[in-house]
Amino acid sequence: MDTDIHKPFMDRCLELAMMAMLEGESPVGSVVVRDGQIIGEGYEKSRQLKDVTRHAEVVAILDALQKNESCEGATLYSNVEPCILCSYVVRHHKIGKVVFSKYCGEVGGTNENMNVLTTDKITKWVEPPVVIVYGDK
């Protein structure tokens with residue numbers, strides 16, 4: 001029996017990433033999960049929408065919010081580490097856990113130089129989300 005609770009959600013991220021790639025976007029997909037159910041999903045749309053803020057994670061969070069779902073305490077999955085922009089959105093919406101499979105380098109939200117995702121130095125934010133690096137890094 002497969003007890004890997006993250007696998008179906010990471011698989012969905014990869015499906016969404018493929019959709020992004022086929023549409024000429026960076027291959028990134030993301031889902032927001034609460035109580036084992038996807039409440040929001042999205043993939044990279046920055047080029048199509050000519051809007052640099054439409055990263056997969058932001059699109060997934062907005063999808064959940066548009067369905068009147070709170071993201072507080074939810075888990076965000078992405079096949080790539082949320083960047084500093086996405087990390088700000090994650091923190092603003094009080095997401096409790098972030099699971100990703102590949103670091104994105106110097107603009108990554110966990111990068112020690114601009115650690116927006118897990119810093120405890122911004123006192124107006126609740127405690128940082130738990131971060132899980134899943135599978136191959």
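## Report on a predicted single-chain model

The accessible surface of the chain comes to about 7,600 Å², and 54% of that area belongs to carbon and sulfur atoms. The model is predicted. Of the 137 residues in the chain, 44% count as buried.

### Overall fold

The chain contains four helices and five strands. Their order along the sequence is α-β-β-α-α-β-α-β-β. The C-alpha trace spans about 40 × 40 × 35 Å along its principal axes. For 137 residues, a compact globule would have a radius of gyration near 14 Å; the chain has 14 Å and therefore agrees with that expectation. Contacts between residues 24 or more positions apart make up 53% of the contacts in the chain with a separation of 6 or more.

### Charged side chains and salt bridges

The chain carries 15 positive and 20 negative side chains, and the centres of these two sets lie 4 Å apart. A search of the whole structure finds seven salt bridges. Three of them, including their N to O distances, are listed below.

| Salt bridge | Closest N to O distance |
|---|---|
| Glutamate 41 and arginine 12 | 2.7 Å |
| Glutamate 69 and arginine 34 | 3.3 Å |
| Arginine 54 and aspartate 51 | 3.8 Å |

The salt bridge between glutamate 41 and arginine 12 has an N to O distance of 2.7 Å. Glutamate 41 belongs to strand 2 (residues 37–43) and arginine 12 to helix 1 (residues 7–22), so this pair ties together parts that are 29 residues apart in sequence. Both partners are partly exposed: glutamate 41 has a relative accessible area of 25%, and arginine 12 has one of 22%.

The salt bridge between glutamate 69 and arginine 34 has an N to O distance of 3.3 Å. This pair also links distant parts of the chain, with glutamate 69 in the loop between helix 3 (56–66) and strand 3 (75–78) and arginine 34 in strand 1 (residues 29–34), 35 residues apart. Glutamate 69 is partly exposed at a relative accessible area of 31%, and arginine 34 is partly exposed at 23%.

In the salt bridge of arginine 54 with aspartate 51, the closest N and O atoms are 3.8 Å apart. Arginine 54 is partly exposed, with a relative accessible area of 26%, and aspartate 51 is likewise partly exposed, at 25%. Elsewhere, salt bridges with shared partners join Arg12, Glu15 and Glu41 into one network.

### Helix 3 and its surroundings

Helix 3 is mostly covered, as eight of its 11 residues are buried. These buried residues are Ala56, Glu57, Val58, Val59, Ala60, Ile61, Asp63 and Ala64. The elements that cover them include strand 1, strand 2, strand 3 and helix 4 (84–92). Just after helix 3, asparagine 68 adopts a positive phi of about 60°.

Tyrosine 43, in strand 2, provides a residue-level view of this region. Its relative accessibility is 10%; residues under 20% count as buried, and tyrosine 43 is therefore buried. The C-alpha atoms of tyrosine 43 and alanine 56 are 4.0 Å apart in space, although the two residues are 13 residues apart in sequence. Alanine 56 is one of the buried residues of helix 3. Not counting residues up to four places away in sequence, tyrosine 43 touches Leu16, Met19, Ala20, Glu23, Val28, Gly29, Arg54, Ala56 and Val59. Among these contacts, Arg54 is the residue that forms a salt bridge with aspartate 51, and Val59 is, with Ala56, among the buried residues of helix 3.

### A buried glutamate in a loop

Glutamate 25 lies in the loop between helix 1 and strand 1. Is this acidic residue buried or exposed? With a relative accessible area of 5%, glutamate 25 is buried. Leaving aside neighbours within four places in sequence, glutamate 25 is in contact with Ala20, Glu44, Lys45, Ser46, Arg47 and Gln48. Ala20 also appears among the residues that tyrosine 43 touches. The C-alpha atoms of glutamate 25 and aspartate 4 are separated by 29 Å, and the two residues are 21 residues apart along the chain.

Note on methods: Residues are numbered from 1 along each chain as its sequence is written. This is a predicted model: local features need pLDDT of at least 70, side-chain atom pairs count only at pLDDT 80 or more; totals for chains, interfaces and linings use all residues. Side-chain values use heavy atoms; hydrogens and water are left out. Helices (H or I, at least four residues) and strands (E, at least two) are DSSP runs, numbered from the N terminus. The radius of gyration is taken over C-alpha atoms; the globule rule is 2.2 Å times the number of residues to the power 0.38. Buried means under 20% relative accessible area, exposed over 50%, partly exposed in between (1.4 Å probe, protein chains only). Contact means heavy atoms within 4.5 Å. Accessible areas come from the Shrake-Rupley method with a 1.4 Å probe; for residues, only the protein chains shown count as cover. Lys and Arg count as positive and Asp and Glu as negative; His and the chain ends are not counted. The place of a charge is taken as NZ of Lys, CZ of Arg, CG of Asp or CD of Glu. A salt bridge is a side-chain nitrogen of Lys or Arg within 4 Å of a carboxyl oxygen of Asp or Glu.
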